[in-house]
Amino acid sequence: MNLRLIHFFLLLTPAILLAKADRYNRDVIKQYALNPQTVYNIPIGNTPTTITFPGPLSSIDGANVSSSAKNKAPVLLSYIDGRYFFSVRATEPNARGALNVVFQNQTFVFNFYHHEDEIPYRTVRLVDSGDSAMVAAGYGAERTNIHKTTPSVLLDLPDRAKSYHLINQAYPKMLDEEIQHLAPPNLNTEYQDFNVRIDDIYRFPQYDTLAFKISLRNESDEAIFYQPQMMAVRIGQNLYFPSIADASGIIPPQSDSIAYIAITGKPNGERADLSIRNPFQIIVSQVNDPATLLIP
């Protein structure tokens, strides 16, 4: 009988630990709808609390908050202009601070406070209010819900891809459920005077979008011109044209040029749910007359 009880408790202990871990995650990882009429009251601590928006921020203004530790403000801010996230942490007990954040020409109000009886939030994600099902579901809802892929979202995705490594280095695993990443070893497409290599692939499951960082290498002694909007991604016999392209349209002679393109869904508008492990090829359309070049 005692052996059975011991065996029962051995089986029960991992379940209890997992339940506690899940409760802790729900306590420190929050998700709210974007609403300029709401004041967001966020408990903070000595570890960073990161606030993420759906797109790049226009400006941040605060009280009792500073981005320099030399100023000895109660709340220390970490932010790079143009990013879609910022971090804050308390520098003293009972710290208080406030921020006004401008996003898409609207102001969002935050109050930050430190209290020894409250668990500090680690991540706060603000999502479009139209994604009501995801907000209602709370933590982990991004696994099952689909965001609206609006033009403003598409414009932001290349920047999110560019900042992926920076964020992932500072906050490992924070982006695992939002972005899938792969650095493929040998995805090259050879042309007569240049070649194209896929350096990184980023998958945004919520938006059914794949973003590609590509290197274009010009082996000739003359500049090569191409049309960014006419680039395509080939998977087998299927061609996917970019929903957004961040590219110069020029490859200087004997040089490399970096470009970002993204593809979204199927050509007929349905979801594609493409894997990042497909054997992709990048199709580049050269332009003989640079006067006809259209830069995104």
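## Helix H3 and its surroundings in a predicted model

Helix H3, which covers residues 151-162, has Val153, Leu154, Asp156, Leu157, Pro158, Arg160 and Ala161 as its buried residues. These buried residues pack against H4, strand E13 (194-204), E14, strand E18 (244-246) and E20. The model described here is predicted, and its protein chain holds four helices and 21 strands. Of the 296 residues in the protein chain, 42% are buried. When contacts between residues at least 6 apart in sequence are considered, 66% of them join residues at least 24 apart.

Arg160, one of the buried residues of H3, leads to Glu178, since the side chains of Glu178 and Arg160 are joined by a polar contact of 3.4 Å. Glu178 sits in the loop between helix H4 (164-170) and strand E11 (180-182), and with a relative accessible area of 10% this residue is buried, because the cut-off for buried is under 20%. A polar contact of 2.5 Å also links the side chain of Glu178 to the side chain of Arg125. Leaving aside residues up to four places away in sequence, Glu178 touches Arg125, Arg160, Arg203, Phe204, Pro205 and Gln206.

Arg203, one of the residues that Glu178 touches, is also found in the lining of a cavity. How many cavities of 30 Å³ or more does the model contain? There are two cavities that reach this volume, and the second largest cavity holds about 50 Å³ of space. Its lining is made up of Arg203, Asp208, Thr209, Leu210, Ile263, Thr264, Gly265, Ala272 and Leu274, which divide into four nonpolar, three polar and two charged residues. Strand E14 (209-218) and strand E20 (256-264) each contribute at least two residues to this lining, and both E14 and E20 are also among the elements against which the buried residues of H3 pack.

Another part of the picture is given by the aromatic side chains, for which the count comes to 12 aromatic pairs. The table sets out two of these pairs.

| Aromatic pair | Distance between centres | Angle between planes | Kind of pair |
|---|---|---|---|
| Tyr32 and Tyr40 | 6.1 Å | 40° | tilted |
| Phe110 and Phe112 | 5.9 Å | 0° | stacked |

Within the tilted pair, Tyr32 is partly exposed, with a relative accessible area of 26%, whereas Tyr40 is buried, with a value of 4%. The pair of Phe110 and Phe112 is stacked because the planes of the two rings lie at 0°, and the cut-off for stacked is under 30 degrees. Phe110 is buried at 0% relative accessibility, and Phe112 is buried with a relative accessible area of 1%. These four residues belong to one aromatic cluster, which is formed by Tyr32, Tyr40, Phe53, Phe86, Phe103, Phe108, Phe110 and Phe112.

Two loop residues deserve a separate look for their backbone angles. Most residues other than glycine have a negative phi. Asn94, although not a glycine, has a positive phi of about 60°, and this residue lies in the loop between strand E7 (85-90) and strand E8 (96-103). Is Asn94 buried or exposed? At 52% relative accessibility, Asn94 counts as exposed, because the cut-off for exposed is over 50%. Gln104 likewise has a positive phi, near 50°, and is found in the loop between E8 and strand E9 (106-113). With a relative accessible area of 48%, Gln104 is partly exposed.

Note on methods. Residues numbered from 1 in each chain as written. Predicted model: local features only at pLDDT ≥ 70, side-chain atom pairs only at ≥ 80, totals over all residues. Heavy atoms only, no water. 1 Å grid on protein atoms, 1.4 Å probe; cavity = no way out; pocket = protein on both sides within 12 Å on 5 of 7 lines; lining within 4 Å. Points joined across faces, edges and corners; volume = space filled by probe spheres on them. Nonpolar A, V, L, I, M, F, W, Y, C, P; charged D, E, K, R; others polar. Buried < 20%, exposed > 50% of the residue type's maximum accessible area, 1.4 Å probe, protein only. Polar contact = N/O pair within 3.5 Å; in protein donor to acceptor, adjacent residues only side chain to side chain. Contact = heavy atoms within 4.5 Å. Phe/Tyr/Trp six-rings, centres within 6.5 Å; stacked < 30°, edge-to-face > 60°.
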